[in-house]
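The exercises that follow ask the reader to work from a displayed model to a reasoned description. Each task is followed by a solution in steps.

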Amino acid sequence: MTHPATRLLPVFLLADDRPTLLNRLAETLRSSFPGARFLLARDPEATLDLARKEQPDCAIIAIYMGGAEGIALCRRIKTAPDIDPFPILLITGRDTDADTRIAGLEAGADDILYRYASAEELAAKVRVMLRIRRAEINLREMNRVLAGVAEERSRESQELQRRYRFFVDSISDGFFAFALDAENRPGPLVEVNDTMARYLGYSGVADLIGLEMPRIVVPDRISTLSARVESILQHRQLSFETMLLARDGRRVPFRVTASLLDLGNTRQILNIVRPLDISPAEEAENYRFLASQTGMLIYDCDVRSGHITWGGAASQLTGLPGDKMARLGWSRWQKLIHPEDRARVLEHYRLALDTVGRYEITYRIARPDGETRIVEDSGVALPAASGQAARVVGTIRDITARVQAEQERRRIEERVQHSQRLESLGVLAGGIAHDFNNILAGIIGLTELALRDIPRTSRTWQDLSEALQAAYRARDLVRQILAFSRQGGQERAPVYPHVIAREAIKLLRATLPATIRIVDSVDVHSGAVLGNPAQLHQVIMNFCTNAAQAIGSEGGTIEVIVRDEDIDDRMALSHPHLRVGPYVHLLVADTGHGMSPAVLARVFDPFFTTKKPGEGTGMGLAVVHGIIVDHGGAVMAESEPGRGSVFHAWLPRLTGFVPEARDAREPVQASRGERILLVDDDPVVLRFAEQALSRLGYAVTSCQSGEEAEEIFARQGGRFNLVITDRVMPGISGDQLLDRLRQRVPELRAIIFTGFSDTFQQEGEPELPPHTRMLMKPASLSDLLKAIRQTLEGEEKPASIPVSTPRKRGRRQR
């Protein structure tokens, strides 16, 4: 059993106590989800057992299994602690009342469907269930990663709390903290160490915790306590001398260093106190110990001399040893500030000195080891007797990790939003292209027919030839749009990207100017992927063409890299289309002019281009995005102005697959008078095909609906050699029509003629019924004739199979 997150093909669990209906449901789904695995159960216990063992992607359960057991079964699956949650679709009969349907939804069913709904509606419902399943898997995976991050942060928080308690309990100075109320008035003591209790004559910290702060302030200084708090709030850190009241009424002089701790909803004032009879050497040593435990750099700068007294984690933050830090004055400190930030930082310092105020600055410092750190500098200018700034004291905290984490979070959000925007555009583009394909089919077909009847020397023939070429160009553009929207339908097989890359490099070296050097960094031992060779070749060519245009006439280098890569949790979380597992990584790097952040954000948008009018459609990279995502991969670009660009594409790596050689095709043979039933709801397409085939000797009977075709087929006793039908039609679809006709003539040969592959959007290569082919609109007359001859002559392999992902040809290795 493979884990759901690593499956290429879906697994369905079907439950019904009626074998006939159960098998019919499985067969219906197989036509829409070829290659999928189906688990069949005829009673609730077997269903539960399969749900536990196989972890299906979706369950379809009959609501009536001996009564309403389907509802109870749904509730048991959804509430079972040992079953991984998955979507459930309840199948109901014609006479099911509203209360029963509501009960099914309340039992945990994700949707309810009428048993005799069309195959298309069933497939659409199931696709929704699979999207729900994939979304749940992705969400659980992200929650797992985030839980790990939260656990790590919790351990860090506990470690900081342990260090804080160690510091408070072990310093030789007294320590106490008191809370502030909503109006910033002094409140109760919330933290006291043993040293402080001893200084004030209390037997232990429990006697002090909870006392109101004014209780330990001498009476004649209580009136100034609020003013002192306001000063601390303004400067955030303050040193002063004061008297505190001991338990026995003694007045004890202290040197106090107070700091504001802002916890969001609450505020506290932290105080380090020392009796004034302690020597300066002891005071300096204790101060250094205190500062080093905070993880911050603490400084005290003499404005006139520029001398700075450093404390705390100075060496840890700056990378300078202690002896050099002791000699580091104001002028040398400025040189550590990143050159791009220096002017801004110095302006903040100047403003604080002029106003004798405080400042908070975020900037970068360049360490001697070449590493750059992002720091948060908070300080205050202290006045002399003259009122001018004499000292600057403050703290510097290393916030590099916090800033990087925030930047990474924003990048992930932007990628997710960009991916969702492209998905929406793809759906819109695919729908427009489908309708346009039907129009082009008639234009191309009828123009080809007209050209057959007009002399080549006439002006009309030349005009129609130009019109036909324009229609071909429109067809190519539609194919690009379909590739972007991932509805083009292409044959898939196991291929090696490194082989395709080598072929593309040969072509590029022959076509690009000699001023552009192409570096081949392809790993010939890299793995295989399940893909369409032509599309993957187009991806590499589009990447390299874009790179060559970015380099321009000045010359430069394009490097093509293909290598295996294993995606881990962190990388998977950074991109919405990546999953944990093996991939083949394709990179194309150039030394061109690079892109600005605004251009980079839209580089994969359809019709977005920075080229001049007439130099490009803006579809090249949009098509790349559609192809790679359709192959189950991910695409990304990195660039900075003046530093070139790197385009990345990841494709799921396969093992145990060998690319197959394609069989040669015999030339198209002429008509032998075969009878063809032609069905299409578009009158223009119908007219083109009917006239073209009739002129070539085929006996054509045309219909504009599936119902009309079924009636004619029955009236003529099924005496047709071939049926050509559109797939999407009002009423009976092309697939349904063929199923009905083959009940009369099982060996009936058919071609499905359609504008885009709307059904085969699931994983796995579609297993078309025997004697059936797929032909994509708009097809030329020669394509149509070739498909007809191949179908009539019974060749087994389809001429064109529009699929999203290939069929599994061997056991997938994990």
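**Exercise 1: a helix and its ends**

In this predicted model, Q55 takes a positive phi of about 50 degrees just after helix 2. Starting from that residue, describe how helix 2 (residues 44–54) begins, which of its residues are buried, and what those residues pack against.

*Solution.* Step one looks at the opposite end: at the start of helix 2, the backbone nitrogen of E45 has a side-chain oxygen of D43 within 3.1 Å.

Step two lists the buried residues of helix 2, which are P44, T47, L48, L50, A51 and E54. Seen down the helix axis, these buried residues fall within an arc of 165 degrees, and they therefore line one face of helix 2.

Step three identifies the partners: the buried residues of helix 2 pack against strand 1 (11–15), strand 2 (37–41) and helix 3 (69–79).

**Exercise 2: aromatic pairs**

How many aromatic pairs does a search of the whole structure find, and how is the pair of F12 and F38 arranged?

*Solution.* Step one gives the total, since the search of the whole structure finds 10 aromatic pairs.

Step two takes the pair of F12 and F38, whose ring centres are 5.3 Å apart with 25 degrees between the planes; because planes under 30 degrees apart count as stacked, this pair is classed as stacked.

Step three places the rings: F12 lies in strand 1 and F38 in strand 2, so the pair ties together parts that are 26 residues apart in sequence. Both F12 and F38 are buried, and together with F33 they form one aromatic cluster.

Step four applies the criterion to F713 and F720, a stacked pair at 5.9 Å centre to centre and 15 degrees between the planes, in which both residues are buried.

**Exercise 3: charges over rings**

Which charged end sits over the ring of F720, and which sits over the ring of F240?

*Solution.* For F720, the charged end of R675 sits over the ring, 4.7 Å from its centre. For F240, the charged end of R228 takes up such a position, 4.0 Å from the ring centre.

**Exercise 4: the surroundings of T725**

Is T725 buried or exposed, and which residues does T725 touch beyond those up to four places away in sequence?

*Solution.* Step one locates T725 in strand 25 (residues 722–726). Step two compares its relative accessible area of 1% with the cut-off: buried means under 20%, so T725 is buried. Step three names the contacts, which, leaving out residues up to four places away in sequence, are V679, G734, L737, L738, I751, I752 and F753.

Notes: Residues numbered from 1 in each chain as written. Predicted model: local features only at pLDDT ≥ 70, side-chain atom pairs only at ≥ 80, totals over all residues. Heavy atoms only, no water. Helix = DSSP H or I, 4+ residues; strand = E, 2+ residues; numbered from the N terminus. Buried < 20%, exposed > 50% of the residue type's maximum accessible area, 1.4 Å probe, protein only. Contact = heavy atoms within 4.5 Å. Arc of directions from axis to C-beta. Polar contact = N/O pair within 3.5 Å; in protein donor to acceptor, adjacent residues only side chain to side chain. Phe/Tyr/Trp six-rings, centres within 6.5 Å; stacked < 30°, edge-to-face > 60°. Lys NZ or Arg CZ within 6 Å of the ring centre and 35° of its normal.
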